[in-house]
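Me: Got a minute to go through this one with me? Let's start with how the helices pack.
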Amino acid sequence: MKKISIGALAVSSTLLSPIAAYAETEVHFWHAFTGRLGELVAAQVEDFNTSQDKYTVVQSHKGNYSETLNAGIAAFRAGEQPQILMVFEVGTATMMAAKGATRPVYEVMAASGAEFDQDAYIGAVKGYYTSTDGDMLSLPFNASTPVLWVNRDAFKAAGVDPDTDLSTWQNVDKTLTALKAGGSDCPLVTAWQSWIHLENFSAYHDVPFASKDNGFSGLDTELQVNGDAQIAHLTAMGQWAKDGKFIYTGRRNEGGANFRAGECALFTESSAGYAGIKSEAKFAFDVRPLPYWEGVGNAPQNTIIGGASLWVMEGHEEEEYKGAGEFLSYLSSSDVQAKWHQDTGYLPITAEASAATKASGFYEENVGTEVAVIQMTAKAPTANSNGLRLGSFDQIRGIIDEELEAIWSGDKSAKDAMDSVVTRGNPLLRRFEQANR
Amino acid sequence: MTLPTSKPQKNPAAGMVEKRGLGIWLSHAIMILGVLIVFFPIWLAFVASTVSQPEIVSPPMPLLPGDQFFINYKKALLAGINVPVGTMLTNSLIMAIGIAIGKIIISLLSAFAIVYFRFPGKKIFFWLIFITLMLPVEVRIVPTYEIIAGFGMLNSYGGLIFPLIASATATFLFRQFFMTVPDELAEAARVDGAKPLRFFWDILIPMSRTNIAALFVILFIYGWNQYLWPLLITTDPEMNTIVMGIKQMFPSGDDVADWPVIMATSILAMIPPVIVVISMQKLFIRGLVDSEK
Amino acid sequence: MEKRVFFKGWLLPLLLIAPQILVSAVFFFYPAGQAVWQSLFIPDPFGLSMQYVGLGNFKYLLSDPYYRASFFTTGLFSILVTLVSMIPALFLAIVADRLIKGAGTYRTMLIWPYAVAPAIAGVLWLFMFNTRVGVVSWYLGNLGYDWNHVLNGSEAMGLVVVSSAWGRISYNFLFFFAALQSVPKSIVDAAAIDGARFWRRFWTIVLPLLSPTTFFLLVVNVVYAFFETFGVIHTITSGGPQQSTTILVYKVFADGFVGQDLGSSAAQSVILLVVVGALTVFQFKYIERRVHY
């Protein structure tokens, strides 16, 4: 049994310790990437490992974002946590509240002596993960924002001009009707419905998602998604679903497969869809800014980031933290960031990387890839567009997904669904508040 | 406690009396239809495991086996999707056999103690054992998980096996059986001055052979088919069992599932239990019907 | 109780019973007690602190319409699984019972689904009804019916019910068949000679004689539907859409291990404990009666 072998291992490792000191310190990195993104991450890790010989980063993929976070939490409870854990943005509140489980990134970097300058990171990107004192608690890794993807060939096939202005939802509405009339089976499809059509929608139109500055200024926050603007938008989408103009394919990124296969004309999805779409799509495509409702709120404000950041977990050796620091510093370096941004469509996290990409002429060559950057940085964020910091948010997103599905299937009106989200979600926020008093 | 199990009688007056020609053909037809319907999902899975992915992804898929049998099964066994199916089969085998044998051994011992001895606390122990019949593992998963984690037994065979042999169903069953063993045998052994363990080993165990075998089959299936518990305590794909590992073979992103490999894995996952059940059919059915648990 | 022969000594039996007690204590009683204890707290997900809330978790659960709905869902699901698995099984058993030759072969074929783990059954049925590649959903589409169990709650429920009941048809068939085979031929023949026709004989004589078996199977199938179907739900619907297939045991898992709300999960375990305890007491009262048949 394992216990016996652990004992034997312990004995033999002490005998070997002079030799062990020469072995490389391992830094475990758990993430949620597969496919193309997984390959790129593996390449980065490989690169880091070969560039020096003190530390070895061991990367492993643990499932999707939720599964990775849960795996990390379960591992922590069992004493088997990795040094670096990728946590998606909605898990931020959970990680921030767990003071004994995580070690703030700025502390890790300071202790490791690796290169680190908090001001070098783009404000809109790091804001989600920064404490109220301005210290970075986790390192933004892959930040993206939703944009509108256009299948030009599908437009032509349905007899609609692919250069139609799609900057407002009003225009999109008319276009969807035209596409459907022209024979398109799938005029509009979306990914990450809650993130794009509720969370980002609220920020983009400068209306609150939750009280207390979307949770930034207090744990006693309450949901406010049943505002007029959100209900109006979801009512419109519900009508599109009924008319067959909006096809619902799933809560996460199931729609990506449909779009990349050329079945759909319009796709609201993260700018990071670029990696997959570029490699798989056999049609001409455009990237446009996310549409907004003309005349509603303060639109267009700025959109918020989605994606994940890297957290360092407590309970490890000093040497391992040094290694983690070195790796994080490596990931933030301008070359690595610029390449990552250009390969994936994720936003560059440092101003330097952004400038380098611009200078290299990348944006001219790849039209549309700058859309995401502009959309995020055009205006200074307001209290409603800094991001979200809500506890149990993965579960709340689950509730939102369920209620949205009720709207698409015609079971509920948008108002009833959003009221239901508030009624169901607030108790979870209260429980989170209670657990973290 | 037992249902009288007589063999199917072979004389013409058996069953429900009339056996006219048309009735027989109709009965056979109904049974064949029933078997076909019940078997269809298995058949379809088998066909899917022998064709290539493109054939499945553009429905309708063929309903007769294709020619990719060796390619798909080899791919499944040696590479799998996140871990080779061969590894998962091994893990399942170890877990199922461990549970079956472990449970049989400790329950034979404790049933023997309860039935043939008087000792302090006997009544308490008996009731404690009785209570464990009541709660399947699903009701105590969270704290059991933490105990296993505390022992450092996550991702280990011990962690897979021990919590599943904790309930005393087998002890109870053997107790019921031992109660039906004629007193004279034990009396004779005692009079002969034989030690209790002699009696246990030379007489009781051989008498229990069929019950042990039947129980082995049932426990093997029970262990092999475990899902929730292995799901929770294995974080390392290398320790996946084949039944719980199947869900992880579905992609979590928006990629298309590798259906031929998944279906091949499903077929492989059901083969060992089917072999065990079919080859020990008579024994198994008797054990099932007799034990009613 | 019969007079029993007892061997001398108390040390030996204590040693014999020790393994069982040890395993049960560590992996059963301690976790069960922990579950009760934990249900009074709200722990933080990382296990770093706990807030005492007394009965707060229970109040929260009982006022949560989705938890209450889960009771209803579980009840509906159990009843449907029981009906869908017992009626075809009874029908096939009756037909098989009329045959002299071949019953054994049919029985061998019909046993297969029993050996298939519920989770694997889930994968097989999911494959047939998958919205993109499923054979059955494709044919339904051709007939004009747009099958989508991802969005439609009733279809999702139907699919998980059928997947769960499929494997139980074998189990129920075995019991019904054995019971029918043991109906005293003399009684049935006498009624036939008296002129009673097949269905009349069935309703007035055979069915009442089957009632112990039927009743037993009812209870066993309900318990199966409560717990062992976790694998089916997890592989096909993950409790969706909109929690329409979230049975109680699934919610314990979802809230505890996915939602990281361990206080709520522990409280749910305690409630399940009470429910199952009641069911088991009920079942044992019945078994006690059985002994005298």
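Reply: Sure, one term before we start: a crossing is left-handed if the near helix is turned anticlockwise from the far one by less than a right angle, and right-handed if clockwise. Helices are DSSP runs (H or I, at least four residues), numbered from the N terminus. This is a predicted model, where local features need pLDDT of at least 70, side-chain atom pairs count only at pLDDT 80 or more, and totals for chains, interfaces and linings use all residues. Residues are numbered from 1 along each chain as its sequence is written, and chains are lettered from A.

Me: So which hand is the crossing of helix 6 of chain B and helix 1 of chain C?
Reply: Right-handed. Helix 6 is residues 141-150 of chain B and helix 1 is residues 11-38 of chain C.

Me: And which residues meet there?
Reply: From helix 6 of chain B, B:Val142, B:Pro143, B:Thr144 and B:Ile147; among their partners in helix 1 of chain C are C:Phe27 and C:Tyr30. Contact means C-beta atoms, placed from the backbone, within 7 Å.

Me: OK, new topic. Is C:Ile205 buried or exposed?
Reply: C:Ile205 is partly exposed, because 18 other C-beta atoms lie within 10 Å (20 or more would be buried, 12 or fewer exposed). Its place is in helix 9 (residues 198-227) of chain C.

Me: What is C:Ile205 in contact with, leaving aside neighbours within four places in sequence?
Reply: C:Ile187, C:Val188 and C:Ala191. C:Val188 is 17 residues away in sequence and 7.4 Å away, C-alpha to C-alpha.

Technical notes:
Axes fitted to C-alpha atoms, helices over the stretch in contact; angles between N-to-C directions. Helix = DSSP H or I, 4+ residues; strand = E, 2+ residues; numbered from the N terminus. Contact = placed C-beta atoms within 7 Å.
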